[in-house]
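Biologist: I would like to learn how to read a structure like this one, feature by feature. Can we start with a single residue and work outward?

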Amino acid sequence: MSHSSGIPVSASLESAFRALVTGSDGRLLKIQIENDELLDRGTISIGGTWQDDLALAQPLFETDKPCYVVFRKEKDASVSEWLLFCYVPDKAKVKDKMLYASTRAPLKQQLGSSYFADDVFGTLPADFSLKGYTLHVASREMEAPLTESELQKKEEVERGEIHISVGASSYVHGVAFPVDAAVSDAVNSLASGRISYVQVAIDMANERIILDHTDSITFDGLRDKIHQSQPRFHFFAYTHEHQGEELTSNVYVYSCPDGSNGSQSAPVRQRMLYSSSKANVANLVPNIGAKVEINTGHDLNEETILLQLHPKVEEKAAGFAKPARPGKGARRLIK
């Protein structure tokens, strides 16, 4: 089945957009969804060149709230083209991520798809900086030609359709990525104790949840499994001691390099797909005792994981028991 969000453009947004594209002094327009409606969140006027004015958009991006930004880019002195920035931060609610993903194409259709020269996706404000936009353009130009089926799928996405299979295949809830049988087999091996580690990836070309590899490792070996340039999902059977007893608990790690601490930032589309899938992929393994999100292997902290597995229980101070007042308390048998 397929569907789009059905969120309509408000009258005020339509008016603001028309004023922006027919005028000559507007640089950008911020748009957000509220009460099942696409609303105008204000415009900003041209301040300099379009390259300089990319900085004007930075304060508009909130830590946990997605938004769209319509941005004017001058092709030459007399011709402008419009970019649609699609900002969906990692800390946004899963419901909001899905809503903004399924509303992008309908938004363009209602405002006029012919106005937009390009869509720019990002999970960080830096993805919409001059450097981020330059990387986006370079990545787009390096993309291989699409096959006929890929072209058809792209056209369906542009129409705002999200496909969810209802067949016999195993699907991660909420997204259209089927799970390879090898992943299920690895999860069963993890549960039976034959292995202690499973790494899961997304096949970007075929849009599938796939098995990267399995292993038997200790906690120290887990750090070596974290990629410096590629997002991954990790399941680890963590054997440890607690209160004199040896226990094994399932730990789920979502690693996504963002360019800090020596890592190399993964492509924007890849980060967005992994971020949107992380909560659902976690459901592949039952009884997860601890969940962590990290940038590099150096961010793994054994103490943090242990605190999730075994939270400290605050002991209540014993109160002083006051003696009962005369005539109060339980009755006593008088002989």
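Biologist: Is I294 buried or exposed?

Modeller: This is a predicted model, so every value is computed from it. Burial is read from relative accessible area, and under 20% counts as buried. I294 has 10%, so I294 is buried. I294 sits in strand 12.

Biologist: Which residues does I294 touch, leaving out those up to four places away in sequence?

Modeller: I294 touches I226, V253, Y254, S255, C256, D299 and L300. I226 is 68 residues from I294 in sequence. In space, the two C-alpha atoms are 9.1 Å apart. One of the partners, C256, is also buried, at 11% relative accessibility.

Biologist: What comes after strand 12? Where is T296?

Modeller: T296 lies in the loop between strand 12 and helix 9, which spans 302–309. Check a loop residue one by one. T296 has 0% relative accessibility, so T296 counts as buried. Its contacts beyond four places in sequence are I226, Q228, S260, N261 and S263. I226 is on the contact list of T296, and I226 is on that of I294 too.

Biologist: And H298: buried or exposed?

Modeller: Exposed, because its relative accessibility is 69% and the cut-off for exposed is over 50%. H298 is in the loop between strand 12 and helix 9. H298 and I226 are 72 residues apart in sequence. Their C-alpha atoms are 9.0 Å apart in space.

Biologist: Give me a case from another loop. Where is F128?

Modeller: F128 is in the loop between strand 6 (116–122) and helix 4 (130–142). Its relative accessible area is 1%, so F128 is buried. Now read the contact list. Beyond four places in sequence, F128 touches L54, Q58, F61, F85, C86, Y87, V120, F121 and G122. Take L54 from that list. L54 is 74 residues from F128 in sequence, yet the C-alpha atoms are 7.0 Å apart.

Biologist: C86 is on that list. How many disulfides does the structure hold?

Modeller: The structure holds 0 disulfides. The test is distance between cysteine sulfurs, and a pair must be within 2.5 Å. For C86, the closest cysteine sulfur is in C67, 9.3 Å away, so that pair is too far for a bond. C86 itself is buried, at 3% relative accessibility.

Biologist: Now the backbone. What should I look for in phi?

Modeller: Look at the sign. Most residues other than glycine have a negative phi. A positive value is therefore worth a second look in a residue other than glycine.

Biologist: What is phi for N35, and where does N35 lie?

Modeller: Phi of N35 is near 55°, a positive value. N35 lies in the loop between strand 2 (26–33) and strand 3 (38–45). N35 is exposed, with a relative accessible area of 70%.

Biologist: What about phi of D36?

Modeller: D36 has a positive phi as well, about 60°, and D36 is not a glycine. D36 is in the loop between strand 2 and strand 3. At 57% relative accessibility, D36 counts as exposed.

Biologist: On to pockets. What is the volume of the second largest pocket?

Modeller: About 320 Å³. Next, ask what lines the pocket. There are 16 lining residues, and those closest to the centre are D90, K91, L124, D258 and E293. The lining divides into 7 nonpolar, 3 polar and 6 charged residues.

Biologist: Which elements supply at least two residues of that lining?

Modeller: Helix 8 (268–281) and strand 12 (288–294) each do. Strand 12 is also where I294 is found.

Biologist: Zoom out. How many helices and strands are in the chain?

Modeller: The chain has 9 helices and 12 strands. Of its 335 residues, 40% are buried. The exposed area is about 19100 Å², and carbon and sulfur atoms supply 50% of it.

Biologist: What share of the contacts joins residues at least 24 apart?

Modeller: Take contacts between residues at least 6 apart in sequence: 62% of them join residues at least 24 apart. F128 and L54 make one such contact, with their positions 74 residues apart in sequence.

Key
Residues numbered from 1 in each chain as written. Predicted model: local features only at pLDDT ≥ 70, side-chain atom pairs only at ≥ 80, totals over all residues. Heavy atoms only, no water. 1 Å grid on protein atoms, 1.4 Å probe; cavity = no way out; pocket = protein on both sides within 12 Å on 5 of 7 lines; lining within 4 Å. Points joined across faces, edges and corners; volume = space filled by probe spheres on them. Helix = DSSP H or I, 4+ residues; strand = E, 2+ residues; numbered from the N terminus. Nonpolar A, V, L, I, M, F, W, Y, C, P; charged D, E, K, R; others polar. Buried < 20%, exposed > 50% of the residue type's maximum accessible area, 1.4 Å probe, protein only. Contact = heavy atoms within 4.5 Å. Areas by Shrake-Rupley, 256 points an atom, 1.4 Å probe, with all protein chains shown as cover.
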